[in-house]
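Visitor: I am new to this structure and should like to understand the terms used to describe it. May I ask how each description is justified?

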Amino acid sequence: MAGYTDAGELNKRITFQRFVGEADLLGDLAYLDDDNWADEFTTWASIRTISGREFYAAGQEQGEVTHNVKIRHRSWTHNPVTMRAIYDGHVYRLLTPPLELGGDKRYQQIKVAEVWP
């Protein structure tokens, strides 16, 4: 059955937050400053690591790990790409808007990248 998900697959409580602060002079959001974020909703999800890479930015080596987050379908009141997600003390930047899985409006998938200080 297309789009079928075992209820036990969505076994992580993840919180999505919306940005309520001010961007810096370059327009970047301060992802790690918790004062700039307010909880929007918490939901059950599955989180699957899909890739990791290392790169140089600002003259130093950095890493990035991307994940797919699967949640039950929902309507979004804010632009998801300007939001972040928190799970188990980790901060994730949303890379894509929610994508419908299976076309039956049961589940959505969001690609995220873990944010490090």
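Guide: Certainly; please note that the model is predicted. We may begin with Trp44, which is found in strand β2 (residues 37-57).

Visitor: Why is Trp44 called partly exposed?

Guide: Trp44 has a relative accessibility of 40%. Buried means under 20% and exposed means over 50%, so Trp44, at 40%, counts as partly exposed.

Visitor: What does Trp44 touch, leaving out residues up to four places away in sequence?

Guide: A contact requires heavy atoms within 4.5 Å. The residues that Trp44 touches are Leu10, Asn11, Lys12, Arg13, Lys70, Ile71 and Arg72. Lys12 lies 32 residues from Trp44 along the chain, yet their C-alpha atoms are separated by 5.4 Å.

Visitor: What makes strand β7 mostly covered?

Guide: Strand β7 spans residues 107-115, and 7 of its 9 residues are buried. Each of those 7 residues therefore falls under 20% relative accessible area. For the chain, 32% of the 117 residues count as buried.

Visitor: How do you know that β5 and β7 pair?

Guide: Pairing requires at least two bridges between the strands. Strand β5 (residues 90-94) and β7 have 4 bridges, in the antiparallel sense, and therefore pair. Tyr92 stands opposite Glu114 in β7.

Visitor: What justifies saying that β6 and β7 pair?

Guide: Strand β6 (residues 99-101) and β7 have 3 antiparallel bridges, so the requirement of at least two is met. The bridge partner of Leu99 in β7 is Gln109. The hairpin of β6 and β7 has 5 residues between the strands, and Gly102 takes a positive phi near 80° there.

Technical notes. Residues are numbered from 1 along each chain as its sequence is written. This is a predicted model: local features need pLDDT of at least 70, side-chain atom pairs count only at pLDDT 80 or more; totals for chains, interfaces and linings use all residues. Side-chain values use heavy atoms; hydrogens and water are left out. Buried means under 20% relative accessible area, exposed over 50%, partly exposed in between (1.4 Å probe, protein chains only).
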